[in-house]
Amino acid sequence: MIELVVVGARGRLGSLVVVEAQKRASEFAVRAQIGRSDSLADALRDLVRDLQRVVVVDVSTASAAAANAASCAMARAAYVIGTTGLAADALTALDDAAASVPVLHAANFSVSAHVAGKLVADAAA
């Protein structure tokens with residue numbers, strides 16, 4: 001079973017991630033739902049003592065990405081981020097985290113955004 005920590009869990013996409021994970025309870029367990037006033041570092045510190053496979057799914061804000069990536073690296077938790085508009089320092093933090101934990105960055109999790117991108121690329125070719 002994959003243990004999930006959802007950052008931005010009270011937003012539109014975050015709440016959808018939580019609902020979809022709960023529908024697949026045999027595969028995923030949502031162990032923490034992190035909002036603006038919550039500490040990812042504290043949640044991970046408490047969780048990783050007891051859990052083996054922790055994956056953080058971050059659909060929060062670009063301004064939080066660098067700190068969240070660092071928290072994941074420190075806790076040895078895999079990091080999946082679907083936040084747009086990351087600054088250079090956040091991208092550097094993702095690269096730094098990727099040296100010690102799996103990191104997946106998709107600027108947009110929306111299927112329609114990926115379809116539109118493909119259509120634009122095809123049209124430009």
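Here a biologist and a modeller talk through a predicted model of one protein chain.

Biologist: I'm new to this one. What elements does the chain have, and in what order do they run?

Modeller: There are five helices and five strands. Starting at the N terminus, the order is β-α-β-α-β-α-β-α-β-α.

Biologist: Why is serine 71 called buried?

Modeller: Its relative accessibility is 14%. Buried means under 20%, so serine 71 counts as buried. As for where it sits, serine 71 belongs to helix 3.

Biologist: And what does serine 71 touch?

Modeller: Leaving out residues up to four places away in sequence, serine 71 touches Leu40, Ala41 and Leu44.

Biologist: Okay, now aspartate 46. Why is that one called partly exposed?

Modeller: Partly exposed is the range between the buried limit of 20% and the exposed limit of 50%. Aspartate 46 has 45% relative accessibility, so it counts as partly exposed. You'll find aspartate 46 in helix 2.

Biologist: How far is aspartate 46 from alanine 75, C-alpha to C-alpha?

Modeller: Their C-alpha atoms are separated by 9.7 Å, although the two residues are 29 apart along the chain.

Biologist: What about valine 19: why does that count as partly exposed?

Modeller: Same kind of reasoning. Valine 19 comes in at 39% relative accessibility, and with the limits at 20% and 50%, valine 19 therefore counts as partly exposed. Valine 19 is part of helix 1. From valine 19 to valine 30 is eleven residues in sequence and 9.4 Å in space, C-alpha to C-alpha.

Biologist: Let's move to helix 4. Which of its residues are buried?

Modeller: Helix 4 spans residues 88–98, and its buried residues are Ala90, Ala93, Leu94 and Ala97.

Biologist: How do you know which side of helix 4 they are on?

Modeller: The buried residues cover an arc of only 100 degrees around the axis, so they lie on the same side of helix 4. The general rule helps here: an α-helix has 3.6 residues a turn, so residues three or four places apart point the same way.

Biologist: What is on the other side of helix 4, and what covers the buried residues?

Modeller: Ala88, Asp89, Asp95 and Asp96 are exposed on the other side. The cover over the buried residues includes helix 3, strand 4 (78–81) and strand 5 (103–105).

Biologist: Now the pockets. What makes up the lining of the largest pocket?

Modeller: The largest pocket holds about 450 Å³ of space. Of its 21 lining residues, Val7, Gly8, Arg36, Ser60 and Thr61 are the closest to the centre. Helix 1 (12–23), helix 2 (40–48) and helix 3 (65–75) each give two or more residues to that lining. By class, the lining has eight nonpolar, nine polar and four charged residues.

Biologist: And what lines the second largest pocket?

Modeller: The second largest pocket is about 200 Å³ in volume. Its lining consists of Leu4, Leu13, Leu16, Val17, Glu20, Ala21, Phe28 and Val57. With five residues, helix 1 gives the most to this lining.

Biologist: How do those lining residues divide by class?

Modeller: Seven are nonpolar, none is polar and one is charged. Glutamate counts as charged, and Glu20 is on the list.

Biologist: Last one: how much of the chain counts as buried?

Modeller: Of the 125 residues, 38% count as buried. The accessible surface of the chain is about 7300 Å², and 56% of that belongs to carbon and sulfur atoms.

Terms used:
Residues numbered from 1 in each chain as written. Predicted model: local features only at pLDDT ≥ 70, side-chain atom pairs only at ≥ 80, totals over all residues. Heavy atoms only, no water. 1 Å grid on protein atoms, 1.4 Å probe; cavity = no way out; pocket = protein on both sides within 12 Å on 5 of 7 lines; lining within 4 Å. Points joined across faces, edges and corners; volume = space filled by probe spheres on them. Helix = DSSP H or I, 4+ residues; strand = E, 2+ residues; numbered from the N terminus. Buried < 20%, exposed > 50% of the residue type's maximum accessible area, 1.4 Å probe, protein only. Contact = heavy atoms within 4.5 Å. Arc of directions from axis to C-beta. Areas by Shrake-Rupley, 256 points an atom, 1.4 Å probe, with all protein chains shown as cover.
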